[in-house]
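Open the model in your viewer and keep the selection panel at hand. The stops below go from side-chain packing to strand pairing.

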Amino acid sequence: MVDISKQSKFTFDKYTKNITFGLFFFPTNAIMRTNDIVKIICENNESELMVEWGTPLSEIIQMLSLHNRYPFLAAYVNNAIKELDYKVCEPVSIRFIDITHFEGTRVYQRTLFITLHKAVHDLFPDRKFRIIHSVSKGFYCEIEGVEEISQTVIDEIKQRMTELIEQDIPIVRRKVRVEEARKIYEKLGFQDKIALIETRPRLYATIYSLADIVGYFYGALAPSTGYIHLFDLRRYYNGMYIAVPKRTAPDELENMVPQDKMFDIFKEYTAWVEVMGVSNIGSLNTKILAGDTSELIKIAEAFHEKKLANIADAIADANMTRGARMVLISGPSSSGKTTFAKRLGIQLRILGLNPVLISLDDYFVEREQTPRDENGELDYETIEALDLQTFNDHLETLFQGGSVDVPRYDFITGKRQWHEHPLRLDERSVLVVEGIHALNPRLTERINDSYKYKIYISAFTSISMDNLSRIPTTDNRLIRRIVRDSKTRGCDAVSTLKRWASVRAGEDKHIFPYQENADVMFNSSLFYEIPVLKQFVEPLLYLVPNTVPEYGEARRLLKFLDNFIGIAPDEIPPTSLLREFIGGSSFKY
């Protein structure tokens, strides 16, 4: 019997390229590959297949004869997103996805962005191209140095994109040493990408090549330009708008609904973060490494306070000129509506008004009466989940000088309780109502519009990954919600991620159509917040097991967060909107 524990030394024969470990001999190819055949399970058609070691996903699609209305763009391999050039080297479960999947939509859009970048580069090789932010389900872009893009230029860019798509040019992914990536970026003038790799140093970097254009898009791309089947370019303000297909109907483009107020907010904040020198992650990381965190926090919070004071002044003016006595605050999940309402109340008191706060959540019908969605789940996103009759009765009573007993909804029991102290408005009172349906006309249909001052709030993320890769506002809000749900509702990250698609569908249906009804919009994002949230959310995301579908989204968020240098929350004031999510707020919720 050989005592293996004592045979701890190994040798490597440089001529035979074999390894001897103690008394045992291993060919190197046996260490590299234990089996030439691996078993895969395809979830799309519930089939099993034996394939050769190293077979790419693109070939597996052909081997399985998978037919789909839209091209497969990527796949989940053991619940982790992979591109179609990924080679299978062990037994796995595979789920191929197309544009109708949330992640498939992202893959399509990234592929569209690199194709657009290539087209602009071909026509304007000396100009920098920027995808600045989302607007009306599409994206707003500008070419630096071009004050106003003409329709002629847009037509030329569109024609060049069409040519690139018809040529079906491969998009090649490869890993290179960071030094090589930096040289490539320097040659192309991509200082935004250089700043990020310098502040988050790694040995290797992943880059994508489309002919002579090289970059990185922080997520999977399709194998070639030919996977794009639909897009459009249109003039918009000083730049252009790129329209993308609907996820639920990929043969149609998203409708471009005018969103002038939202666009103005994005434009204001984008200009502001550029002045602050934190327009992208690389520049923000540079500031953090330089020890400027304290100043960044103070300036961001002061900017919020100034905006709140301006809104309070506008409300006081509306109160004097047209008798506005009700402030309606709406916004999607995790926008910070509750803290915003409380801070606005302080500003209103400074002006001599008496704010009275009501949360629409307290007017939920009892749980057994709550509507259910198409999947049979309780649907708290629909306006029918609110007791509209009681709410409007209360509004009429209050504005007629009467008093009401306001309910309090218990999310644990699903029952309503009632306050012991009746609510009454005096001549200085302003009723502040916050909730996702606050701007829906049905909510306050019995109240004259002159009484209302409408506010829309959301986290319009202003910093970007780099010039071509924006940070979706939904990611900002999702990270907030994961942290808050864990702290205040006892929900793990899996539960929040599982619910998120339903939440977003509810926002599209019940919130976004009414956002332009607002008198004013407020951006609740803080450009320093993701580095703070990073340390709270990462441990929660690491707990998501790879046995659940939500693992892929958790992994994507972790990869995204890894680009940020963390910030300690010590200097964040107790009245900060961010405290609603991370804890430590001086407000009572």
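**Stop 1: the core**

Select I157 and show what surrounds the residue: leaving aside residues up to four places away in sequence, I157 touches L116, A119, V120, L123, F124, I143, L233 and M240. Bear in mind that this is a predicted model.

Next, widen the selection to the largest nonpolar core, which has 139 residues. I157 is among the residues with the most contacts inside this core, together with L116, M240, L431, F527 and Y528. Colour helix α3, residues 102-123: this helix supplies the largest share of the core, eight residues. Another core, of 22 residues, lies apart from the largest one; to find it, select I311, A312, L348 and L353, which are among its members.

**Stop 2: the sheet**

Switch to a cartoon view and pick out five strands, which form an open sheet in the order β19-β24-β18-β25-β26, with parallel pairing. Which strands stand at the edges? They are β19 (354-359) and β26 (520-523); each has a single partner strand, so one side of each is left without a neighbour in the sheet. On average, neighbouring strands here are turned by 25 degrees against each other, direction ignored.

Zoom in on β25, residues 452-458, which pairs with β26 in the parallel sense over four bridges. Label Y456 and then M521, its bridge partner in β26.

**Stop 3: a helix on the sheet**

Finally, select helix α10, residues 337-350, which packs on the sheet. Helix α10 touches β18 (326-330), β19, β24 (429-434), β25 and β26. The direction of α10 makes about 150 degrees with that of β18.

Notes: Residues are numbered from 1 along each chain as its sequence is written. This is a predicted model: local features need pLDDT of at least 70, side-chain atom pairs count only at pLDDT 80 or more; totals for chains, interfaces and linings use all residues. Side-chain values use heavy atoms; hydrogens and water are left out. A nonpolar core is a set of buried Ala, Val, Leu, Ile, Met, Phe, Trp, Tyr and Cys residues joined through side-chain atoms within 4.5 Å. Buried means under 20% relative accessible area, exposed over 50%, partly exposed in between (1.4 Å probe, protein chains only). Helices (H or I, at least four residues) and strands (E, at least two) are DSSP runs, numbered from the N terminus. Contact means heavy atoms within 4.5 Å. Two strands pair if DSSP finds at least two bridges between them. Axes are lines fitted to C-alpha atoms, for helices over the stretch in contact, and angles run from 0 to 180 degrees between N-to-C directions.
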